[in-house]
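Subject: Structure for your review

Dear colleague,

Please find below the structure that I am handing over to you. I would be grateful if you kept it open while reading the notes that follow it.

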Amino acid sequence: MAHSIIFDTDPGVDDAQAIAIALRHPDIDLVGMTTTFGNVDVETATHNALLLGEVAGKPVPVAQGAAAPMVKPRHPAPAHIHGDNGLGNIDLPDVQGKADARSAAQFIVDTVNARPGEITLVAVGPLGNLAAALQIDPGITARVKGVVVMGGSIREGGNVTPVAEANIFNDAHAASRVLSADWPLTLVGLDVTHRCVLTPAHMARIEAGQGELGRLLAGSYAFYREFYRQALGIDGCCPHDSLALAWLVRPELFTTQRGHLSVVTDGLAEGQTLFAPAGRAFIQKRWSTSPEMDVCLGVDGDAVSDWIADTLA
Ligand code: RIB
Ligand code: CA
């Protein structure tokens, strides 16, 4: 049975790859996209989300959301990783469609309430839209089918600070609300996304298989690849956001552990995700007060990379 999802995103090169998967995979029904600042400003994120649906020949509703974090000032967008336009500074065609008139948060609330028990929220950017949806209607926690978040890091260390992953760091207050809400959530963080490398050979198959969309994905990948070569010394890219969809469709490729999550919102460790394994007693209970979640801690990275290429080839 297909997974009906709302994809909450800040496209972004790896977001674009994941959007292509959401549009193409037969087991995924992409009900809509909601956009947030993060890799780019929110207007650019909305433009790119609309564009990717149109280039794929499958336009879906797009609702624009958070332009900034809930509490703190926004950090500059990482143009050195994703390009100024979020897609590696390649030339892009014009967009024909317009965003939904509703806010991202209202779109989430309306869609989840119209189809109780059916919608999975897959969030791969800073978490302001999900936090705002919880604020509008806390009852959605009982009506979502599931929530999958690409974000955080338990044992791997951070990618924007020594301890923080970008999506959590960019709005730690929103992340704190989302990761401690009482809903069925799985965290797909750097512990697994850093085990997965999409190689130039994978990308060549995707480019050959996707026509105009393939040209766009491959062009933006070339820019992103240069960042990974310099930063991590690898020839290829970590397709972070696609792993949230891989978890949804191919959970047998992952190992998970249940436990409680907390997010540090201030100080040197701002944006760090803390994990208290279920059932383990610590010196105090304060790390174990939120509901239990599933956290991905292991993955067959080669199998996920092949799954991505097979899906898009
Ligand atoms: O840390 C990886 C995440 O941050 C991904 O969602 C990627 O798009 C980046 O913004
Ligand atoms: Ca992203």
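In the strand pairing of this predicted model, Thr-9 stands opposite Thr-35, a residue of β2. A second pair joins the same two strands: Asp-8 has Thr-34 in β2 as its bridge partner. Taken as a whole, β1 and β2 (residues 28-35) are parallel and are held in register by seven bridges.

Strand β1 is mostly covered, with seven of its seven residues buried. Its two faces can be read separately. His-3, Ile-5, Phe-7 and Thr-9 lie on one side, Ser-4, Ile-6 and Asp-8 lie on the other, and all of them are buried. The pattern reflects a general rule: in a regular strand, side chains alternate between the two faces of the sheet.

Two helices should be viewed together with these strands. Helix α1 lies across β1 and β2, and its direction makes an angle of about 160° with that of β1. Helix α2 (residues 42-55) lies across β1, β2 and β3, at about 180° to β3.

The sheet

In what order do the strands of the open sheet follow one another? The order of the nine strands is β3-β2-β1-β4-β5-β6-β9-β7-β8, and their pairing is mixed. The edges are formed by β3 (62-64) and β8 (273-277); each has a single partner strand, so one side of each has no neighbour in the sheet. On average, neighbouring strands are turned by 30° against each other, if direction is ignored.

Within strand β5 (residues 146-150) you will find Val-148. Is Val-148 buried or exposed? Its relative accessible area is 2%, and Val-148 is therefore buried. Apart from neighbours within four places in sequence, the contacts of Val-148 are Thr-120, Leu-121, Val-122, Ala-123, Thr-186, Val-188, Ala-244, Trp-247 and Leu-248. Val-148 also illustrates how the fold brings together separate parts of the sequence: Leu-185 is 37 residues away along the chain, yet the two C-alpha atoms are 5.7 Å apart.

The calcium ion

Which protein atoms serve as donors to the calcium ion (ligand 2)? They come from Asp-10 (OD), Asp-15 (OD, listed twice), Val-124 (O) and Asp-241 (OD), and they lie 2.3 to 2.7 Å from the ion. Along the chain, the donors of this calcium ion follow the spacing D-x4-D-x108-V-x116-D. Distant parts of the chain are linked here: Asp-10 belongs to the loop between β1 (3-9) and α1, while Asp-241 belongs to helix α11, 231 residues apart. Asp-10 and Asp-241 are both buried.

Aromatic rings

The whole structure contains three aromatic pairs. In one of them, the ring centres of Tyr-224 and Tyr-228 are 5.0 Å apart and the planes meet at 75°, so this pair is edge-to-face. Why are these two residues about one helical turn from each other? Tyr-224 and Tyr-228 are four residues apart in helix α10, which accounts for that separation. Both Tyr-224 and Tyr-228 are buried.

Phe-227 and Tyr-228 form a further edge-to-face pair, with 5.3 Å from centre to centre and 80° between the planes. Ring pairs thus join Tyr-224, Phe-227 and Tyr-228 into a cluster. The burial of its members can be checked by value: Phe-227 has 23% relative accessibility and counts as partly exposed, whereas Tyr-228 has 4% and counts as buried.

Helix α12

Helix α12 (residues 301-312) allows a simple check of geometry. Its 12 residues, at 1.5 Å a residue, should span 16 Å, and the end C-alpha atoms are 17 Å apart, which agrees. The buried residues of α12 are Gly-301, Val-304, Ser-305, Trp-307, Ile-308, Ala-309, Thr-311 and Leu-312. The elements that cover them include α1 (13-24), α9 (200-209), α10 (211-232), α11 (240-249), β7 (254-263) and β9 (292-299).

Thr-311, which lies in this helix, has a relative accessible area of 18% and is buried, because the cut-off for buried is under 20%. Residues up to four places away in sequence aside, Thr-311 touches Ile-21, His-25 and Gln-210.

Yours sincerely,

A colleague

Technical notes:
Residues are numbered from 1 along each chain as its sequence is written. Chains are lettered from A and ligands numbered from 1 in the order in which they are written. This is a predicted model: local features need pLDDT of at least 70, side-chain atom pairs count only at pLDDT 80 or more; totals for chains, interfaces and linings use all residues. Side-chain values use heavy atoms; hydrogens and water are left out. The expected span of a helix is 1.5 Å times one less than its number of residues. Buried means under 20% relative accessible area, exposed over 50%, partly exposed in between (1.4 Å probe, protein chains only). Contact means heavy atoms within 4.5 Å. Donors are N, O and S atoms within 2.8 Å of the metal (3.2 Å for Na, K and Ca); water is not among the atoms, so sites may look incomplete. Two strands pair if DSSP finds at least two bridges between them. Axes are lines fitted to C-alpha atoms, for helices over the stretch in contact, and angles run from 0 to 180 degrees between N-to-C directions. Rings of Phe, Tyr and Trp (its six-membered ring) pair if their centres lie within 6.5 Å; planes under 30 degrees apart count as stacked, over 60 as edge-to-face and the rest as tilted.
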